[in-house]
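Thanks for coming. I will take a few minutes on one chain, so please have a look at it first.

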Amino acid sequence: MKPEEYLEGQVLLIDKPLKWSSFQAVNKLKYLLINKVGLPKKFKIGHAGTLDPLATGLLLICTGKFTKKIAELQGQAKEYTGTFYIGATTPSYDLETEIDETFPTEHINEALIYETVKHFLGEIDQKPPIFSAIKKDGKRLYEHARAGEEVEIASRKTTILEFEITRIALPEIDFRVVCSKGTYIRSLAYDFGKAMNSGSHLTALRRTKIGDYDVKNAIGVTLFEESLGLDSE
């Protein structure tokens, strides 16, 4: 692809690697496009929706004039697949922090799991995790959390459009969720365990779709870099 095509605008479908932040992925592509394609250092680039470092999958990265599309893309429904671990919670609701409490699971069976799913379909109230990038009193929530500060987090409305259980092998439950903008799957994991009179945290998460964009059509960062080498030959 020629430099002017990136400047005119592209939506790049990237399969974000595990343990990379969305910011790191954008910075890596920016570096590659400047140094391998010859784009000016101040060209516009940004992503349309953060993925946690412990999540993999679809990251839409917009370049040039298409950065104007970011707000529109962020508003699209998103699909995720992943795994809940039932019977234990962590402060971050995922594997970023260690297990802080364990709960009974003997009463949990398939009937209870499928019944609980019904309570999370449609519009729900959800509190973002304390380990998140939302700002409160001028600081990110995770900064408050790491400082050991107690913070009151307001719940917000979100919509779960589809919620499917794809595997039950307790203590693990695999799922597929389609949800609106602003949904925290980590919070869904926590709330799901609580709704079953137990605990839960997220142990795997992959974003598979954003609107009509599918991770099946995405490319890894390494392959993207290699493709730039081919373009220049």
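Keep in mind that this is a predicted model. I start with a single pair: Ile-165 has Phe-175 in β11 as its bridge partner. The two strands involved, β10 and β11, run antiparallel and are joined by 8 bridges. A hairpin of 2 residues connects β10 to β11.

Now the other neighbour. β4 and β11 are also antiparallel, again with 8 bridges between them. One pair there is Thr-81 with Arg-176 of β11.

How much of β11 is buried? Of its 8 residues, 7 are buried, so the strand is mostly covered.

Next, the interior. The largest nonpolar core has 24 residues, and those touching the most other members are Phe-84, Phe-163, Ile-173, Phe-175, Val-177, Ile-185 and Phe-192. At least two residues of this core come from each of β4 (78-86), α4 (110-118), β10 (156-169), β11 (172-179), α6 (185-195) and β12 (200-210).

Take Val-177 from that list. Beyond its neighbours within four places in sequence, Val-177 contacts Lys-78, Glu-79, Tyr-80, Ile-160, Glu-162, Phe-163, Ile-185 and Leu-188. Apart from this core there is another one, with 18 residues, including Leu-33, Leu-39, Ile-61 and Leu-228.

Last, the surface. Leu-18, Leu-54 and Leu-95 make a nonpolar patch of about 260 Å². Leu-54 sits in the loop between β2 (45-47) and β3 (56-63). Why does Leu-54 count as partly exposed? Because its relative accessibility is 33%, and partly exposed runs between the 20% and 50% cut-offs.

That is all I have.

Methods:
Residues are numbered from 1 along each chain as its sequence is written. This is a predicted model: local features need pLDDT of at least 70, side-chain atom pairs count only at pLDDT 80 or more; totals for chains, interfaces and linings use all residues. Side-chain values use heavy atoms; hydrogens and water are left out. A nonpolar core is a set of buried Ala, Val, Leu, Ile, Met, Phe, Trp, Tyr and Cys residues joined through side-chain atoms within 4.5 Å. Buried means under 20% relative accessible area, exposed over 50%, partly exposed in between (1.4 Å probe, protein chains only). Helices (H or I, at least four residues) and strands (E, at least two) are DSSP runs, numbered from the N terminus. Contact means heavy atoms within 4.5 Å. Patches are made of residues with over 30% relative accessible area and no salt bridge: like charges are joined within 9 Å, nonpolar side chains (Val, Leu, Ile, Met, Phe, Trp, Tyr) within 5 Å. Accessible areas come from the Shrake-Rupley method with a 1.4 Å probe; for residues, only the protein chains shown count as cover. A salt bridge is a side-chain nitrogen of Lys or Arg within 4 Å of a carboxyl oxygen of Asp or Glu. Two strands pair if DSSP finds at least two bridges between them.
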